[in-house]
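Student: Hi! I've just opened a structure that is new to me. Could you walk me through it?

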Amino acid sequence: MAVVPILEYPHSILRQRAKSVASIDKTVFRLADDLMDTLVDSGGVGLAANQIGSLRRLIALKMPEDEEPSVYINPRIVRREGVREVSEGCLSFPDHYGIVQRSMWVSVTGLDRKTNMFRICADGLLAQAFEHETDHLDGILFIDHLLSHQHLYEYPDEEADSEHEPSDERLVDAVQ
């Protein structure tokens, strides 16, 4: 178990598709532990294995109300419904966010940390996190979903008034 560095854009592994986990062994459990430790340390909501350099289909999620993160092996969205616009950030794009479209709810299947099959119907932030992290496993980044002319926004400085829209100088071209 260890906190490992989170790869940042434009690292090439972030654009690669992760491979399904065919057999679960101690290397998979070690990767799961690293994902959870790194996610907790980062203070984020979700983390995909390729963000820490492994092309295996594992994600970790930690909702604000959860005491501990959960790991999902070979997660797959099998159904989604509705569309909503949300503000989204990513640990591989520190200090930036953008407006993207995500589903109202999703149904996800896969294996949990104990290798039990699961099916979760999720809405709100949990649905958004499942979509975001499974996109990572497919080499898709949230900048691929950006609305508003393909721009990212920098998070406002602590001293700035967070109720106002970012100024033009805070716009960052997502395809630099």
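Tutor: Happy to; we'll go through the sheet, the helices, the cores and the cysteines. This is a predicted model, where local features need pLDDT of at least 70, side-chain atom pairs count only at pLDDT 80 or more, and totals for chains, interfaces and linings use all residues. Residues are numbered from 1 along each chain as its sequence is written, and side-chain values use heavy atoms, leaving out hydrogens and water.

Student: Cool. In what order do the five strands of the open sheet come?

Tutor: The order is β1-β2-β3-β6-β7, with antiparallel pairing. Strands here are DSSP runs of E with at least two residues, helices are runs of H or I with at least four, and both are numbered from the N terminus. Two strands pair if DSSP finds at least two bridges between them.

Student: And which strands stand at the edges?

Tutor: β1 (46-48) and β7 (117-123); each has a single partner strand, so one side of each is left without a neighbour in the sheet.

Student: How many bridges link β6 and β7?

Tutor: Seven, joining β6 (residues 105-112) to β7 in the antiparallel sense. Leu111 stands opposite Met117 in β7.

Student: Which strands does helix α2 touch?

Tutor: Helix α2 (residues 124-137) packs on the sheet and touches β1, β2, β3, β6 and β7. Contact means heavy atoms within 4.5 Å.

Student: Switching topic: which residues touch the most other members of the largest nonpolar core?

Tutor: Ile59, Leu61, Tyr72, Val106 and Phe130, out of 16 residues in that core. The largest share, four residues, comes from α2. A nonpolar core is a set of buried Ala, Val, Leu, Ile, Met, Phe, Trp, Tyr and Cys residues joined through side-chain atoms within 4.5 Å. Buried means under 20% relative accessible area, exposed over 50%, and partly exposed in between, with a 1.4 Å probe and protein chains only.

Student: What does Phe130 touch?

Tutor: Not counting residues up to four places away in sequence, its contacts include Ile59, Tyr72, Val108 and Ala122. There is also a second, separate core of 15 residues, with Val28 and Leu35 among them.

Student: Now cysteines: how many disulfides are there?

Tutor: Zero in the whole structure; a disulfide is a pair of cysteine sulfur atoms within 2.5 Å.

Student: Is Cys90 buried or exposed? And Cys121, buried or exposed?

Tutor: Cys90 is buried, at 10% relative accessible area, while Cys121 is exposed, at 59%.

Methods:
Axes fitted to C-alpha atoms, helices over the stretch in contact; angles between N-to-C directions.
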